[in-house]
Amino acid sequence: MKNPRIEMSGTATHWQNVWTTKQPEEVSWHQDDPALSLGMIQACALRRDAAIIDVGGGASVLVDRLVERGYVHVAVLDIAGAALQTAAERLGPLGDDVSWIESSVLDWRPVPGLFDLWHDRAVLHFLTEPADQARYVEVMKRALGPGASVILATFAPDGPEKCSGLPVCRHDSASLAALLGPDFRLVEEVLQEHVTPGGNVQKFQWCRFVRV
């Protein structure tokens, strides 16, 4: 990884244990095809040299698909170094130009205004405390430039109450818009029924915002 290793918190230890004891296709959030993410990213009409950050991307294949499509400034942030290592090894030389960032999103110090797109599938909903949610938005605002896009996916109000043994805060488009505040305009929302590798259905709320 390109950043120094940090002392692991309890949360980091939890996710490190997940990724050292399970294969990517065994976790409930696994997707063989991140089609909804890719469709929303395409709708952002980004240049191929736009800077994209996948928050909590871990071992997701989204980074593979972005690199395959010619995006040249892709970063993946995850609290679990083991997940990032899985993705980096899978990509091989194709991942040499990807920025692999091992950090909690709440502790991350991004370069101000560096990114054109913030993508987060299933990290935000693990932040159940208002102070942590506010810190998340603060970090996101620091990372994004003017006119940048945000894609968020959380469990919907009728989605699971826990994931990986941890409580979650479920959202709808109104609660996400309220959390982000007036600096962001909602431009797209989708309700998704994600089928887990075990055959269960998890209801997700997806929202795409533009910084105004």
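Strand E4 (residues 115-121) and strand E5 (residues 144-155) pair in the parallel sense, and six bridges hold this pairing. Leu-117 stands opposite Ser-149 of E5. The model is a predicted one. In general, strands of a sheet pair through backbone hydrogen bonds, either parallel or antiparallel.

E4 and E5 belong to an open sheet of seven strands. The strand order is E3-E2-E1-E4-E5-E9-E8, and the pairing is mixed. Strand E3 (99-102) and E8 form the edges, each pairing on one side only. Neighbouring strands of this sheet are turned by 15° against each other on average, direction ignored.

At the E8 edge, the pairing with E9 is antiparallel and comprises eleven bridges. Val-190 stands opposite Trp-206 in E9. The hairpin of E8 and E9 has five residues between the strands. Within this hairpin, Gly-199 takes a positive phi near 95°.

Two helices can be placed against the sheet strands. Helix H4 (residues 81-91) lies across strand E2 (73-78) and E3. The angle between H4 and E3 is about 165°. H6 lies across E5, E8 and E9, and runs at about 40° to E9.

The largest nonpolar core contains 30 residues. Ile-41, Leu-46, Val-63, Leu-66 and Trp-100 touch the most other members. Helix H2 (35-43), helix H3 (62-68), E2, H4, E5 and E9 each give two or more residues to this core. Leu-66 touches Leu-38, Ile-41, Ile-52, Tyr-71 and Val-74, with residues up to four places away in sequence not counted. A second core of 29 residues is separate from this one. Its members include Leu-77, Trp-118, Met-140 and Leu-179.

Charged pairs were examined next. Side chains of opposite charge can pair when their charged atoms come close. The structure holds eight salt bridges. Three are described here, beginning with the hairpin strands: among the eight, one joins the side chains of Glu-188 and Arg-208, at 2.8 Å from N to O. This pair links distant parts of the chain, with Glu-188 in strand E8 and Arg-208 in strand E9 (residues 201-211), 20 residues apart. Arg-208 counts as buried because its relative accessibility is 11%, under the 20% cut-off. Glu-188 has 25% relative accessibility and therefore counts as partly exposed.

Another salt bridge joins Asp-183 and Lys-141, at 3.3 Å from N to O. It also links distant parts of the chain, and the two residues are 42 residues apart. Asp-183 sits in the loop between helix H6 (173-180) and strand E8 (184-195), while Lys-141 sits in helix H5 (residues 130-143). Both side chains belong to partly exposed residues: the relative accessible area is 32% for Asp-183 and 28% for Lys-141.

Glu-161 forms a salt bridge with Arg-170. The closest N and O atoms of this pair are 3.7 Å apart. Glu-161 counts as exposed because its relative accessibility is 57%, over the 50% cut-off. Arg-170 reaches 31% relative accessibility and so counts as partly exposed.

Notes
Residues are numbered from 1 along each chain as its sequence is written. This is a predicted model: local features need pLDDT of at least 70, side-chain atom pairs count only at pLDDT 80 or more; totals for chains, interfaces and linings use all residues. Side-chain values use heavy atoms; hydrogens and water are left out. A salt bridge is a side-chain nitrogen of Lys or Arg within 4 Å of a carboxyl oxygen of Asp or Glu. Helices (H or I, at least four residues) and strands (E, at least two) are DSSP runs, numbered from the N terminus. Buried means under 20% relative accessible area, exposed over 50%, partly exposed in between (1.4 Å probe, protein chains only). Two strands pair if DSSP finds at least two bridges between them. Axes are lines fitted to C-alpha atoms, for helices over the stretch in contact, and angles run from 0 to 180 degrees between N-to-C directions. Contact means heavy atoms within 4.5 Å. A nonpolar core is a set of buried Ala, Val, Leu, Ile, Met, Phe, Trp, Tyr and Cys residues joined through side-chain atoms within 4.5 Å.
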